[in-house]
Amino acid sequence: MVDITTPTVGSDTDAWGGILNTALTTLESAVTANEGSISALQTGVSAATYYTLVAASNAPQSVKDRAQYICDGSADNVEVQAAVDAVKAAGGGRVQLSRGSFNWAAPVTIRGNNDEDDAPTIGLYGVGQQATEITVASNQIGIEITDWATCAVEDLCLFISGSGVGIHSTAVLSGNEVSFWHSSFRNLRINGGFNAAYTGWGMDLAMPWRSTFENIEIEGTRNGIRLSNQGSVQNAGDNTFTRMFIEIVGTGGTAIHISSPSNNLNQNNWNMVEAGANSTGCTGILIDGASGGASQRFWGLNLEQFQTLINVDNGESNVFDCNYVTADTGGAGNVGFRCGSNAYNNSFSAKWFNNASGNTVEIIQDNNTTSNAPNRFESIRIENNATGTVTYTKQNSSVFRDITTFNTGNAMPAGLLQYPLTNVNDATFTPADHGLVAWTHDPATLRSASNATTSGTVYLCKVKVVNRSSVATNVIVGIEAAGVTLTAGQSFVGLYNSSGTLLSASADQSANWTSTGLKTIALSAPQTLAVGSYYVAILSVGTTPPQFAMGAGGATTVSAGLSTAASRFLTGPTAQTSLPASITLASQTVTSGARWAALS
């Protein structure tokens with residue numbers, strides 16, 4: 001405090017000046033002292049260490065001057081491990097790797113305390129995927145995580161080779177079994193050099209639990225990411241994976257492998273994951289293990305050029321919502337969505353399943369034997385390109401729903417395309433149960449004796465297509481009594497739409513219809529049929545036309561409730577020698593002659 005004494009009355013004015021100068025000098029000294037204190041405080045703040053810095057051998061000198069550990073470019077894992085161990089000993093903290101290149105001869109290990117109630121958080125950070133680059137010695141692990149670690153690994157790149165693994169975790173299979181939990185892995189790049197001879201994994205994680213993976217690229221490795229549950233006590237899982245890109249090379253690789261050899265690895269959520277293969281025999285997603293993988297959720301999934309896109313070999317209640325998928329172009333044995341015998345209650349959908357020109361794919365292969373919990377294949381659009389071939393295998397319990405196609409390739413197999421609803425819970429036999437597109441009525445209702453056929457009369461038999469974009473290639477009829485002396489070039493079947501317009505007709509059947517039996521007759525041009533009603537037409541000319549398989553319809557009931565134009569069975573134009581280009585349906589005659597016909 002500055003003490004200013006008031007001069008006595010009549011004192012000299014110089015006294016006031018002296019007092020003021022003294023006061024100012026005192027104030028200046030006080031300010032200078034305060035500035036010194038502030039400067040010292042700022043220096044202390046600047047010098048305070050909030051992370052442990054490890055400098056690469058090629059980091060700028062200014063970075064090295066501030067680093068606690070400086071690498072020399074050889075076995076840099078030693079310095080990094082020392083920093084990690086120091087941080088753990090201090091109760092947790094952050095190890096910051098500088099910009100530059102690091103060379104690791106052995107893994108850097110992040111350990112917990114093998115105790116979920118005492119898990120120090122250890123962070124290992126770089127400064128970016130393209131800025132902090134770590135080259136790991138061949139056949140070595142880059143980062144090892146174990147003992148209930150809680151960690152963060154972010155903003156760096158690992159280069160691996162041989163059988164090496166970028167990030168690996170090991171569970172202690174006694175007591176507490178989890179390798180890590182409450183951890184985060186973000187902004188990482190793991191590069192395998194695109195050498196097809198290498199066999200390693202980008203990430204191979206045993207017993208991961210309740211952790212976050214975000215913006216991770218695994219490229220040029222034989223295999224992508226594997227999660228496995230190996231503990232007999234703990235069920236691992238509950239992880240989230242967001243924005244991942246995986247590109248694998250080498251024969252027989254797997255992009256994502258979820259394995260449960262013991263207990264169940266479950267409840268992992270995958271969002272916006274894209275994976276591709278550069279070699280043959282590869283699998284996009286594999287779920288297996290003696291205990292099966294459950295409740296995996298994939299949203300916005302892209303898979304390209306895999307021999308098997310998704311293989312749930314053993315697992316249940318998994319969901320796969322795909323944006324774009326395509327099998328291995330030119331590869332053999334392509335399978336889209338496969339379920340093993342013990343894979344049930346799984347759901348598959350795809351906004352765009354592309355089958356390349358000339359390619360063959362078994363789009364669905366369902367081997368599930370648990371019929372009370374069927375697998376569901378729904379909301380799948382197939383783009384089958386020129387000369388492409390699509391097949392499928394299903395069980396009686398398989399649910400097909402809303403499966404459609406843009407097809408310029410070979411005809412879709414009967415029973416695959418489904419729209420709008422499944423018939424799995426319908427006890428009635430349907431055409432699909434017989435491998436047919438449509439029929440007039442269940443052939444089990446046919447009688448052995450049949451009505452006579454009038455020469456030259458067109459008989460119209462209504463069929464109903466319930467699955468969108470069904471392709472009809474053949475008309476099937478049954479002949480109970482053979483035709484005799486049929487006029488050559490005047491016996492046909494054909495297909496009309498609900499307006500009575502001829503869509504396609506067969507070649508002459510006069511020779512074919514002189515014997516009994518089931519007759520599969522090719523249309524001159526296969527027809528892609530939208531949902532709706534169509535009419536199969538039958539015409540035969542000769543001395544004794546054949547008698548066709550018929551149902552036991554009553555004259556007044558076979559088309560009960562229907563107008564003539566919508567009736568199920570009609571006697572059409574007479575005195576015909578070929579099928580007319582169009583028929584006015586409303587002008588024909590309703591008949592009780594329920595002749596049977598089907599499309600395939």
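Visitor: Which residues does Ser491 touch, not counting residues up to four places away in sequence?

Guide: This is a predicted model, so local features are read only where pLDDT is at least 70. Ser491 touches Leu486, Ala507, Asp508, Gln509, Ser510, Trp513, Leu539, Ser540 and Val541.

Visitor: Where does Ser491 lie?

Guide: In a loop. Strand E35 (484-486) comes before that loop, and strand E36 (492-497) follows.

Visitor: Is Ser491 buried or exposed?

Guide: Buried means under 20% relative accessible area. Ser491 has a value of 0%, so it counts as buried.

Visitor: What does the side chain of Ser491 make a polar contact with?

Guide: Look for N or O atoms within 3.5 Å of each other. Here the partner is the side chain of Ser540, at 3.1 Å. Ser540 is also among the residues that Ser491 touches.

Visitor: E36 follows that loop. In what order do the strands of its open sheet come?

Guide: Read a sheet by its pairings. Six strands run in the order E37-E36-E39-E33-E43-E44, with antiparallel pairing. The edges are strand E37 (502-505) and strand E44 (589-590), each pairing on one side only.

Visitor: How many bridges join strand E43 to E44?

Guide: Two, and the strands, E43 being residues 569-571, run antiparallel. Leu570 has Val590 in E44 as its bridge partner.

Visitor: Now strand E23. Why is it described as largely enclosed by the rest of the structure?

Guide: Count its buried residues. E23 spans residues 308-316, and seven of its nine residues are buried, so the rest of the structure largely encloses the strand.

Visitor: In which sense do E20 and E23 pair?

Guide: Parallel. Strand E20 (residues 283-288) meets E23 over four bridges. Ile285 stands opposite Ile310 of E23.

Visitor: How many bridges join strand E21 to E23?

Guide: Two. E21 covers residues 293-294 and runs parallel to E23. Ala294 stands opposite Glu316 in E23.

Visitor: And over how many bridges do E23 and strand E25 pair?

Guide: Seven, again in the parallel sense, with E25 at residues 335-344. Take Glu316 once more: its bridge partner in E25 is Tyr344. Glu316 thus has Ala294 opposite it and Tyr344 as a bridge partner.

Visitor: Where is the place of Asn334?

Guide: In the loop between strand E24 (319-327) and E25. Asn334 has a relative accessible area of 3%, so it is buried.

Visitor: What lies 2.9 Å from a polar atom of the Asn334 side chain?

Guide: The backbone oxygen of Asp328. Asp328 also appears in the wider contact list of Asn334. Leaving aside neighbours within four places in sequence, that list is Phe306, Gln307, Ala327, Asp328, Asn359, Thr360, Val361 and Glu362.

Visitor: How far apart are Asn334 and Ile363 in sequence and in space?

Guide: Compare the two separations. They are 29 residues apart in sequence and 8.1 Å apart in space, C-alpha to C-alpha.

Visitor: Where is the place of Asn375?

Guide: Asn375 sits in the loop between strand E27 (360-366) and strand E28 (376-384). Its relative accessible area is 0%, so it is buried.

Visitor: What does the side chain of Asn375 reach at 2.9 Å?

Guide: The backbone oxygen of Ala343. That side chain also reaches the backbone nitrogen of Asn346, at 3.0 Å. Beyond four places in sequence, the contacts of Asn375 include Cys339, Tyr344, Asp366, Ser398 and Val399.

Visitor: How many cavities of 30 Å³ or more does the structure hold?

Guide: One. The largest cavity has about 40 Å³ of space.

Visitor: Which residues line the largest cavity?

Guide: Read the lining by name, then by class. The names are Ile160, Ser161, Gly162, Gly164, Gly192, Tyr198, Gly200, Trp201, Gly220, Thr221 and Arg222. By class, three are nonpolar, seven polar and one charged.

Visitor: Step back to the whole chain. How many helices and strands does its secondary structure come to?

Guide: Three helices and 46 strands. Of the 600 residues, 51% count as buried.

Visitor: What share of contacts between residues at least 6 apart in sequence join residues at least 24 apart?

Guide: In the protein chain, 76% of them do.

Note on methods
Residues numbered from 1 in each chain as written. Predicted model: local features only at pLDDT ≥ 70, side-chain atom pairs only at ≥ 80, totals over all residues. Heavy atoms only, no water. Buried < 20%, exposed > 50% of the residue type's maximum accessible area, 1.4 Å probe, protein only. Polar contact = N/O pair within 3.5 Å; in protein donor to acceptor, adjacent residues only side chain to side chain. Contact = heavy atoms within 4.5 Å. Pairing = 2+ DSSP bridges. 1 Å grid on protein atoms, 1.4 Å probe; cavity = no way out; pocket = protein on both sides within 12 Å on 5 of 7 lines; lining within 4 Å. Points joined across faces, edges and corners; volume = space filled by probe spheres on them. Nonpolar A, V, L, I, M, F, W, Y, C, P; charged D, E, K, R; others polar.
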